[in-house]
Amino acid sequence: SAFRVAASGAMASIPRIGEDDAYDENDGLHPVWLASNYLRRRKYDECIAICTDILAKNPYDQAVWYLKCRALTLKNWIDDTEVEEEGVADLLLDENATAQTP
């Protein structure tokens, strides 16, 4: 009984989707959840497109800004090992070093 009172009090503090949110229940999934799901599945272009649409309606949504920035960062990620022109084998088998070996 005490658990039910505490649980019902906690449920009352959870924010619900209101009329001011850019979401229509007839459209299907909530767009913020959908964008985060695309981000999790590494479909960055889809996530960015959904976040851009949401931010056009509400530019102050910090969670959507985070999702969009994270998707842009992960999409344009450059691995430092791919940038190096000379690999480990090239450094070990340098032409000058192998020519000097007896």
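Biologist: What do accessible areas rest on here, and how much does the protein expose?

Modeller: Accessible areas come from the Shrake-Rupley method with a 1.4 Å probe, and for residues only the protein chains shown count as cover; on that basis the protein exposes about 8,700 Å², of which carbon and sulfur atoms supply 54%. This is a predicted model, in which local features need pLDDT of at least 70 and side-chain atom pairs count only at pLDDT 80 or more, while totals for chains, interfaces and linings use all residues. Residues are numbered from 1 along each chain as its sequence is written, and side-chain values use heavy atoms, with hydrogens and water left out.

Biologist: How many helices and strands does the secondary structure come to?

Modeller: Helices (H or I, at least four residues) and strands (E, at least two) are DSSP runs, numbered from the N terminus, and by that rule the protein has seven helices and zero strands.

Biologist: Why is Cys 51 called buried, and Cys 69 partly exposed?

Modeller: Buried means under 20% relative accessible area, exposed over 50%, and partly exposed in between (1.4 Å probe, protein chains only). Cys 51 has 0% relative accessibility and therefore counts as buried, whereas Cys 69, with a relative accessible area of 41%, is partly exposed.

Biologist: And what makes Tyr 38 buried or exposed?

Modeller: Tyr 38, which has its place in helix 2, counts as buried because its relative accessibility is 19%. Leaving out residues up to four places away in sequence, Tyr 38 touches Lys 43, Glu 46, Cys 47 and Ile 50, where contact means heavy atoms within 4.5 Å.

Biologist: How do you know whether Cys 51 and Cys 69 are in a disulfide?

Modeller: A disulfide is a pair of cysteine sulfur atoms within 2.5 Å, and the structure holds zero of them. Cys 51 is in no disulfide, since the nearest cysteine sulfur, that of Cys 47, is 4.1 Å away. The sulfur of Cys 69 is 9.1 Å from the closest cysteine sulfur, in Cys 51, and is therefore too far for a bond.

Biologist: What makes a set of residues a nonpolar core, and which residues have the most contacts inside the largest one?

Modeller: A nonpolar core is a set of buried Ala, Val, Leu, Ile, Met, Phe, Trp, Tyr and Cys residues joined through side-chain atoms within 4.5 Å. The largest has 13 residues, and those with the most contacts inside it are Ala 35, Leu 39, Cys 47, Cys 51 and Ala 71. Helix 2 (31-40), helix 3 (44-57) and helix 4 (62-75) each give two or more residues to this core, with the largest share, seven residues, coming from helix 3.
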